[in-house]
Amino acid sequence: MTAVARLEGVGFVYPDGTRALAGVALELREGERVGIVGQNGSGKSTLVRQLNGLLRPTEGRVTLFGRDTAGVHVAELARTVGLAFQNPDRQIFAASVRSEVAFGARNLGRRGAELDRAVQAALEAVGLEGEAATNPYDLGYSRRKLLALASILAMETPVVVLDEPTTGQDARGVERIQRIVGSLGETGRTVITISHDMRFVAESFQRVIVMRAGRVILDGPPVTVFAAEHAGALASTFLEAPLAARLGERLGLGTTPSESALLDALAAR
Amino acid sequence: MLAIVLAIALAARLGRAMRPYLLATLPLVISILLVNTFLYPGATDRILTLGPVSATWTGLAEALQATARVVAFALSVALLALTTAIDDLLDDLEHRGLGRRTIFVIGSAIRTVPRMIERAGEIVDAQRARGLDTEGSVWRRARGVVPLAGPMVLSALSEVEERTMALEARAFSAPGRRTTLRPLPDRPAERALRWGLFLAAVVLVGLSVSGRFPLP
Amino acid sequence: MSEAIVVNAVNDAPPTPALLLDGVRYGYAGTRRWVLDGVNLEVAAGRVLGIVGPNEAGKSTLCLVAAGLAPAAIGGRLEGDVLLGGLSTRDANPHQMAQRAGILFQNPVTQLSATAPTVYEEVAFGPRNLGLAVDEIADRVEHALGALRIEALGPRDPMRLSGGQAQLVALASVVALRPPVLVLDEPTSQLDPAGTRLVGEALAGLAAATATAIVVVEHKTWLLADLADACALVADGRVVVHGATADVLADDRLVELGVEPPPAVRLRRAAAVRGVALDSAVVDAVAAARLAADPDTVEPVP
């Protein structure tokens with residue numbers, strides 16, 4: 001698989017002297033689905049902002065498709081990395097759902113039929129195709145979040161970053177986001193999420209990166225990260241494995257990070 | 001008067017903090033100096049001539065006086081702002097009868113500023129991440145006004161209802177006076193000084209208006 | 001809600017519930033739709049009622065109506081009766097209502113007055129508004145901070161707290177008005193797991209220590225499993241299921257309506273569907289053995 005993004009010895013210190021990242025070395029590949037977890041202040045947001053240039057490494061470097069991000073404008077990097085912010089109200093300004101979704105794609109130069117197609121596909125993916133003319137603030141908070149996500153999807157970037165996509169969503173909303181993540185991966189796009197929802201991460205992502213105090217302390221598939229031997233490392237950053245994993249361990253079934261893994265193991269016994 | 005204000009400022013060791021206030025007066029001071037020095041009507045004691053206009057000593061003297069007034073004014077404002085704890089000021093105003101709503105508007109506006117600045121930063125980041133060009137030509141950047149100002153205004157407006165309800169839920173609209181938690185001590189000496197200064201100011205203005213005493 | 005009705009040994013009439021909604025319908029001003037369309041609920045003092053339901057079901061509206069803010073503060077049409085300690089919400093004005101029912105919303109920051117330099121003064125905001133004596137105010141503030149175990153936050157700047165801490169300060173400032181009923185609309189939805197646990201534990205402590213009747217709307221059904229005595233599933237403005245927490249959260253209709261059941265329930269159900277044996281007791285035991293929140297480890301926002 002092609003390396004889509006590389007962080008080489010990346011460190012970041014804020015102007016006031018606080019260190020947010022230290023010695024991060026990662027490679028993100030095409031079509032990979034990665035979940036980044038960790039306490040607030042562990043550096044998750046700082047890390048993903050290195051990818052689209054909102055923050056620049058104070059040590060080391062970041063490359064996208066082999067090209068160093070240094071000196072490239074954020075607006076230009078947005079062609080490669082789309083970042084859906086946690087709070088949709090920090091970006092919504094348009095009078096209709098459709099224009100809001102079209103904004104990002106339009107900035108990237110899409111016009112006419114190509115733009116309409118991308119917008120329509122994005123609206124359908126989040127289930128807002130029936131609200132294309134609605135004013136965004138007539139939608140509730142959870143649907144505004146889906147709207148913000150749609151506007152990033154319409155940009156059709158090879159890398160998509162989702163910051164806490166499931167907070168405030170009901171079960172249907174979470175399922176929809178899981179479907180979106182799945183289909184992005186299928187079309188060869190790289191999906192990265194920051195999330196507190198361990199179950200969401202364990203079920204929909206193939207790689208989990210655990211952060212603490214600006215460093216990566218665990219990096220591997222859910223079956224490795226949520227294994228019993230790492231329970232201490234997780235606990236040290238006040239995280240715990242999803243129930244399926246904890247149950248599987250208690251029942252002596254090995255590491256079963258997802259519901260289906262647990263049930264498969266039980267059925268096989 | 002400038003001398004008095006400067007003396008007080010230096011005594012309170014506020015020299016450095018005064019700088020932004022002084023800088024704010026710079027455009028005005030420059031224009032005062034230029035206009036008065038070169039264009040003072042009827043003056044004939046020239047210093048130098050630049051084409052159709054000439055600098056005069058009278059004009060320069062007038063310019064310096066006007067500048068001194070402006071700077072004294074700015075420094076007085078600076079003194080007030082830098083030496084007054086806004087919370088104490090608001091508490092005291094409310095204690096003396098200014099309505100709770102007015103106090104709330106002023107107080108929350110001041111405290112909300114850092115949050116608003118932070119929010120503005122987040123909005124800029126979010127829109128840049130959607131390809132908004134904030135580094136190109138002026139024309140391009142002008143197109144960013146609505147996507148940048150929009151979320152700010154809209155989110156502030158959409159929060160109004162919830163903020164209002166939260167206030168109601170804490171009995172903000174109860175009638176009567178709010179309890180003052182920490183009344184400010186008002187010593188007789190301070191009160192005497194306040195009234196004394198006020199009367200002195202009235203007398204000075206009166207003298208100046210009646211032509212008896214040129215105010216520096 | 002059988003456990004809400006306590007039969008008094010001396011006289012047989014059940015005590016007045018702290019909160020009662022009887023045949024309630026509500027529509028916002030300027031609209032024709034009934035967002036609440038026939039709601040009957042009651043909560044006794046010291047009891048916790050959890051409200052679950054899909055988005056746009058009317059849960060937030062239910063909170064506003066239960067706390068008396070609708071229609072008193074925001075207008076709209078109300079049919080049926082909403083009684084706080086036996087008194088109708090139609091008769092009171094907002095500041096009287098504030099002393100009968102407190103409300104907490106999702107966003108920690110919009111609820112802080114943004115006029116207080118310290119948490120102490122923030123919590124004093126409500127009692128000050130009522131013009132209470134300074135001693136009384138001090139007493140209330142100390143009790144409120146103590147009930148939520150945030151005495152250490154007293155001198156801090158309310159605008160520089162983490163989300164979880166800010167929510168607790170907002171909660172304390174509502175509790176300082178000593179309302180017998182407390183309504184919370186998704187209080188943890190914008191908080192991280194540490195903040196969620198902080199608030200969950202604080203609520204449990206509050207219900208136990210005072211006789212406050214608590215109504216809490218949550219998506220995180222696992223939180224309600226520990227906290228709530230009873231639950232109600234609300235959809236399309238109506239109460240669809242109502243009963244003991246364990247029963248409601250295990251009800252199939254929860255999933256049908258798009259509500260995420262607690263992980264334990266979800267796993268048990270999935271196992272049953274698969275025809276695989278899974279010991280319920282073990283599931284519950286593992287689910288219950290969760291990390292406790294340590295308030296000292298919740299880092300403030302830099």
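Start in chain C: select C:R149, which sits in the loop between α5 (134-147) and α6 (163-175) of that chain. Keep in mind as you go that this is a predicted model. Check the backbone of C:R149: phi is near 60°, a positive value in a residue other than glycine. Most residues other than glycine have a negative phi, and most peptide bonds are trans. How many other C-beta atoms lie within 10 Å of C:R149? There are 16, so C:R149 counts as partly exposed.

**Another positive phi**

Now jump to C:A114, in the loop between β6 (101-104) and α4 (119-129) of chain C. C:A114 isn't a glycine either, yet its phi is positive, about 60°. Is C:A114 buried or exposed? Buried, because it has 20 C-beta neighbours inside 10 Å, and 20 is where the buried class begins.

**Helix α1 of chain C and what follows**

Select residues 59-66 of chain C to get α1, a mostly covered helix with seven of its eight residues buried. Colour the buried ones: C:K59, C:T61, C:L62, C:C63, C:L64, C:V65 and C:A66. Following α1(C) you'll come to C:G68, with a positive phi near 80°.

Move along to C:A70 and C:P71 and look at the bond between them: it is a cis peptide, with omega about 0°. C:P71 belongs to helix α2 of chain C.

**Into the core**

Hide the backbone and show the nonpolar side chains. The largest nonpolar core takes in 204 residues. Which residues have the most contacts inside this core? They are A:A150, C:A66, C:V123, C:V169 and C:A172. You've already coloured C:A66, as one of the buried residues of α1(C). The element that gives the most to this core is α6(C), with eight residues.

Centre on C:A172 and look at what it touches, leaving aside residues up to four places away in sequence: C:V123, C:A144, C:L145, C:L148 and C:I150. C:V123 turns up again here, as another of the residues with the most contacts in the core.

There's another core, apart from the big one, made of five residues. To find it, select chain B and pick out B:M18, B:V71, B:A74 and B:L75, which are among its members.

**A kinked helix in chain B**

Stay in chain B and select 145-168, which is α7. Put a distance on its end C-alpha atoms and you should read 34 Å. That agrees with the span expected for 24 residues at 1.5 Å a residue, also 34 Å. Now look along the axis: α7(B) has a kink of about 35°, centred on B:V160.

Colour the buried residues of α7(B) next: B:P147, B:P151, B:M165, B:A166, B:L167 and B:E168. What covers these buried residues? The cover includes α3 (97-107) of chain A, α5 of chain B, and both α2 (69-72) and α3 (94-98) of chain C. The α2 of chain C in that list is the helix that holds C:P71.

**Where B touches A**

Show chains A and B together. Their contact takes in 19 residues of chain B and 19 of chain A. On the chain B side, the elements giving two or more residues are α5 (100-128) and α7 (145-168). Which element gives the largest share of that side? It's α7(B), with seven residues. Colour the chain B side by residue type and you get eight nonpolar, five polar and six charged.

**Zooming out**

Finish with whole chains. Show chain A alone: it has eleven helices and ten strands. Its C-alpha atoms fill a box of roughly 55 × 45 × 35 Å along the principal axes. The radius of gyration of chain A is 19 Å, which agrees with the value near 18 Å for a compact globule of 269 residues. Of those 269 residues, 58% count as buried. Take the contacts in chain A between residues at least 6 apart in sequence, and 65% of them join residues at least 24 apart.

Then switch to chain C, with twelve helices and ten strands. Chain C has a radius of gyration of 20 Å, close to the 19 Å from the globule rule for 302 residues, so it is as compact as a globular protein of that length. The box for the C-alpha atoms of chain C is roughly 65 × 50 × 45 Å. Buried residues account for 55% of chain C. Among contacts in chain C between residues at least 6 apart in sequence, 67% link residues at least 24 apart.

How values were computed: Residues numbered from 1 in each chain as written. Chains lettered and ligands numbered in written order. Predicted model: local features only at pLDDT ≥ 70, side-chain atom pairs only at ≥ 80, totals over all residues. Contact = placed C-beta atoms within 7 Å. Helix = DSSP H or I, 4+ residues; strand = E, 2+ residues; numbered from the N terminus. Nonpolar A, V, L, I, M, F, W, Y, C, P; charged D, E, K, R; others polar. Rg over C-alpha atoms; globule rule 2.2 N^0.38 Å. Buried ≥ 20, exposed ≤ 12 C-beta atoms within 10 Å, placed from the backbone. Expected span 1.5 Å × (residues − 1). Bend = angle between axes of the 7 residues up to and from the residue. Core = buried A, V, L, I, M, F, W, Y, C linked by C-beta atoms within 7 Å.
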